[in-house]
Amino acid sequence: MSDYIDVYLLEKKLKVIIFNHTYFLNEPEKQRTLKIGEKVYECLRKLGNIEIEHVKSREEEILDENGAMHRRVIHDDLMAANVLNLMKTVSENGDSYSGLIVFVSSHGGMGMIGGEFCEFIQAHDKSYRKSLLWECFLDKPGWKGKPLMFFFQACRGGDATPGVRMSIDASGISDVRIFPDLFIMNATLPGAVAFKSDQNSIFADTLCSEISKNAHHLDLNSIALNVCKEVAQTFESCDMLEPKYYCSQQMPCIESTFTKYFFFSTKYQPHPKKEHYYESVQQPFILFLNYDNTFDDTVEDQTGEIERIRQDTRFLVDTFEKIGYGSHVELNATFERYKELTAQYCNLKDKNTFMVIFNGFGKQDYVQMANEQIKLHKLWTELLPDINSSELANEKPKVLLFLGKSVDVQINGLSGIVNRSCSQDEGAKNVKSCVRHFDGNKYTNIPITADMLLIFNYMEDNQQLDGASPFVHHFCKVLDSQKTNDFLKAIVMTSKNLLEQNQTAPFFFTLRKPLPIKAN
């Protein structure tokens, strides 16, 4: 099986903006290093065909490797208003570029901004809502069909890893399902700290290293997988002055609505290596959670939705059975029953992959189970192994697919905003860097939240294609075509086809390797 790859075209320059917040007006003790932004700049400028703004309040001329003089604009320590004004200006000039890369190094966290609980980034003078960085690009014709890529080296709370609790608090935030071609990579999971040192960060170091090594060979998703693997498996906190974080791990995460694959270079020579995949799928299993009735009076046209659920299940069961998946369909399960089923079927000692497909109704960050509404995050955190489990080291992925009417996943984070009842502190101010703890072919303390893939599809109506919902129709066609054996590639290909129905299939992952759909 040879992977089919549809890529974003780089006919014009890539626009790159680097925000390196180093000094904070009201909190001088939070001083950060200039070297993070400098390292990212040096990494990206070598790629060519790129226009970089390394955001400071000064300009300078430098010689490139060929002796040519060029100007760079450096933006460190801008006020929040200046940051957002710069982004708005760039959003109006999409016709000049083939794509956008934004790298932000700062402090971050969760809290109230303007009366709204949200994730924030700290600028020189104050914090701003993180999603404002990309919301200004929504519906801008010059950026239509072009990749928008955001990378964040910032804490997202004060929790240590393992033990990050997550949920999705999505009310009042811009909507991801009408925002394709977006890629967001965070140094850490929501609610958790992102470690740094006096000179750099493990996330920025690893990201730059992987781009430098593989920009001409691997797409961005594959590079991101390598970053996740390296950070998760080979580093741990070593700051004994912060006992809460001593020996803690860090788990980068990615959320994406890409409809094609992105290569940094126009001269890429892709060479996917099978040995980098998770183990070939053995005895893969899918648990279907179907809800053919609803307890929410606000859901309209229940009869059509019930038929959609039945048809989608039939299509998915038939398609996955062809490639060797076992399955169990559970109707109208309570959450307690779901826990029993996962205990029964999610036994990764004899399975390499376990998948849950929720097919029903939801609202904002809840799904409707029998007689109760359950937070989305509870469905997938139920699959997390015990901290001392050997399943972590065995690299066995878990996949969750949410299909539903009014499952309102939003742009400010598929990974979710930490619940108000969870950690809301601003993160550690001076946590020192992780150190390598890789020992030969063995490693310890893999983040408990590793090896997850979450996929979301939202349906506003009961539109069908050949008897199935658009996502299921396109997804099953991609699987039947055998154009790829990579789950992420299959979702990207599905998302591209979904644009015809004005839908996307946003996905979130903490995978450490490419995930095969079936055994090779």
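## Exposure and the overall picture

A residue is called buried when its relative accessible area is under 20%, exposed when that area is over 50%, and partly exposed in between. With those words in hand, let's walk through this structure, which is a predicted model. Glu 340 makes a handy example: its relative accessibility is 47%, so this residue counts as partly exposed.

The protein has 520 residues, and 62% of them count as buried. Its secondary structure consists of 10 helices and 21 strands. Among contacts with a separation of 6 or more, 81% are between residues 24 or more positions apart.

## Salt bridges

Glu 340 has a charged partner: its side chain meets that of Arg 337 in a salt bridge, with 3.3 Å from N to O. Both residues sit in helix α7 (residues 335-345), and because they are three residues apart there, about one helical turn separates them. In general, an α-helix has 3.6 residues a turn, so residues three or four places apart point the same way. Arg 337 is also partly exposed, at 28% relative accessibility.

How many salt bridges does the count come to? The total is 18. One of them pairs Lys 140 with Glu 92, whose closest N and O atoms are 2.6 Å apart. Lys 140 belongs to the loop between α3 (132-135) and β9 (148-153), while Glu 92 belongs to the loop between α2 (80-91) and β5 (97-105), so this pair ties together parts that are 48 residues apart in sequence. Lys 140 is partly exposed at 23% relative accessibility, whereas Glu 92 is exposed, with a relative accessible area of 53%.

Elsewhere, Lys 489 and Asp 486 join their side chains in a salt bridge of 3.9 Å, N to O. Are these two residues buried or exposed? Both Lys 489 and Asp 486 are buried. Lys 15, Glu 51 and Glu 53 form a salt-bridge network.

## Helix α5

Helix α5 covers residues 220-234, and at 1.5 Å a residue its 15 residues should span 21 Å; the end C-alpha atoms are 21 Å apart, in agreement with that expectation. At the N-terminal end, Asp 219 acts as a cap: one of its side-chain oxygens lies 2.9 Å from the backbone nitrogen of Asn 221.

Of the 15 residues in α5, 12 are buried, so the helix is largely enclosed by the rest of the structure. The buried residues include Leu 220, Ile 223, Leu 225, Val 227 and Val 231, along with polar ones such as Asn 221, Ser 222 and Gln 233.

## The β6-β7-β8 sheet

Three strands make an open sheet in the order β6-β7-β8, paired antiparallel. β6 (108-113) and β8 (127-129) are at the edges with a single partner strand each, so one side of each has no neighbour in the sheet. On average, neighbouring strands here are turned by 50° against each other, direction ignored.

Six bridges connect β6 with β7 (residues 116-122). Gly 111 is matched with Cys 118 of β7, and Ile 113 is matched with Glu 116. Two residues lie between the strands of this hairpin, where Gly 114 takes a positive phi near 60°. On the other side, β7 and β8 pair over three bridges, including one between Gln 122 and Ser 127. These two strands form a hairpin with four residues between them.

What about the burial of β7? Seven of its seven residues are buried. Glu 116, Cys 118, Phe 120 and Gln 122 point one way from the strand, and Phe 117, Glu 119 and Ile 121 point the other way.

## Two buried residues

Ala 505 lies in the loop between α10 (487-498) and β21 (507-509), and with a relative accessible area of 0% this residue is buried. Its C-alpha is 6.6 Å from that of Ile 455, although the two are 50 residues apart in sequence. Leaving aside residues up to four places away in sequence, Ala 505 touches Ser 256, Phe 456, Phe 471, Ile 491, Ser 495 and Leu 498.

Gln 153, in strand β9, is buried as well, at 0% relative accessibility. The side chain of Gln 153 makes a polar contact of 3.1 Å with that of Ser 201.

Methods: Residues are numbered from 1 along each chain as its sequence is written. This is a predicted model: local features need pLDDT of at least 70, side-chain atom pairs count only at pLDDT 80 or more; totals for chains, interfaces and linings use all residues. Side-chain values use heavy atoms; hydrogens and water are left out. A salt bridge is a side-chain nitrogen of Lys or Arg within 4 Å of a carboxyl oxygen of Asp or Glu. Buried means under 20% relative accessible area, exposed over 50%, partly exposed in between (1.4 Å probe, protein chains only). The expected span of a helix is 1.5 Å times one less than its number of residues. A polar contact is a pair of N or O atoms within 3.5 Å; within protein, one must be able to donate a hydrogen and the other to accept it, and residues adjacent in sequence count only if both atoms are side-chain atoms. Two strands pair if DSSP finds at least two bridges between them. Axes are lines fitted to C-alpha atoms, for helices over the stretch in contact, and angles run from 0 to 180 degrees between N-to-C directions. Contact means heavy atoms within 4.5 Å.
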